[in-house]
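Work through the exercises below with the sequence and the 3D structure at hand. Each task is followed by a stepwise solution.

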Amino acid sequence: MTRENRQFNELRTIRVQRQFTGAAPGSVLIQAGRTTVLCTASIDSTLPPWKSAANPAEAVGWLTAEYSMLPGSTSPRKRRDRDKMDGRSTEIQRLIGRSLRAAVDFAALGPRTITVDCDVLEADGGTRTLSITGGFIALCDAIQSIRSQLSTERPVLTSSIAAVSVGIIDGVPLLDLDYSEDSRAEVDLNVVMTGIGEYIEVQGTAEGKPFSRDFLNQQLDLAAAGIAQLTRLQRESLGNEWPFA
């Protein structure tokens, strides 16, 4: 048994509240246990200068992501990023951006930029993976808001995306680690996958001694099962707005 009386292959309790704020077309408050992230997706009808094409008709879209932990999200308090983002936050927001871009047909999106902002309100492990899972839901809502401006013959979203953490504690692989588990894990793995089981990114580290291929396979199997559950939760949350048949 793990913390909160979860079995080794159980996710923490996931809660999703769409349209949490009104300013962004995509806005999702997502929680996994105590970890709480606000994910918003905004759309701009311009492109970064490096992405603009000479012929506007040939311009394709772009997606970028930003990630931050609010000062009160941890104890002790995290200092606010004022002038320079720390290396961890930079690495995480790049991961979120890479992951969500894997779901988008940018030619179908056209000359628009989508920005997915992930702000951690409370951190208890798994903030990067929860940001990806919630960010995808916010992305779906944002694209839905401009549906009338898009072609009906070429969908913008090509697959769903979700992510989860796995690790090994006392020789046992566990799914969806909270902070108390992650802080003593012998192996820490973050896995990003599509809803049909294709890998987008795997980040893994042995915190102490090296681990075997067998342990890697067990963790990947756990992650795949967890992401299948998260995909179902995403689909249930979006209901009729689920973008896939």
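**Exercise 1. Find how many disulfides the structure holds, and account for Cys-118 and Cys-140.**

Step 1. A search of the whole structure finds 0 disulfides, a disulfide being a pair of cysteine sulfur atoms within 2.5 Å. The model is predicted: local features need pLDDT of at least 70 and side-chain atom pairs pLDDT 80 or more, while totals for chains, interfaces and linings use all residues. Residues are numbered from 1 along each chain as its sequence is written, and side-chain values use heavy atoms, without hydrogens and water.

Step 2. The closest cysteine sulfur to that of Cys-118 belongs to Cys-39 and lies 4.0 Å away, too far for a bond.

Step 3. Cys-140 is in no disulfide either; its nearest cysteine sulfur, in Cys-39, is 12 Å away.

**Exercise 2. Decide whether Cys-118 and Cys-140 are buried or exposed.**

Step 1. Buried means under 20% relative accessible area and exposed over 50%, with partly exposed in between (1.4 Å probe, protein chains only).

Step 2. Cys-118 has a relative accessible area of 1% and is buried. Cys-140, at 5%, is buried.

**Exercise 3. Describe the lining of the largest pocket.**

Step 1. Among the 23 lining residues, those closest to the pocket centre are Arg-88, Gly-125, Gly-126, Tyr-179 and Asp-182. On a 1 Å grid over the protein atoms alone, a pocket is an open set of points where a 1.4 Å probe fits, with protein on both sides within 12 Å along at least five of seven lines; lining residues have an atom within 4 Å of a point.

Step 2. The lining divides into 4 nonpolar, 11 polar and 8 charged residues, where Ala, Val, Leu, Ile, Met, Phe, Trp, Tyr, Cys and Pro count as nonpolar, Asp, Glu, Lys and Arg as charged, and the others, Gly among them, as polar.
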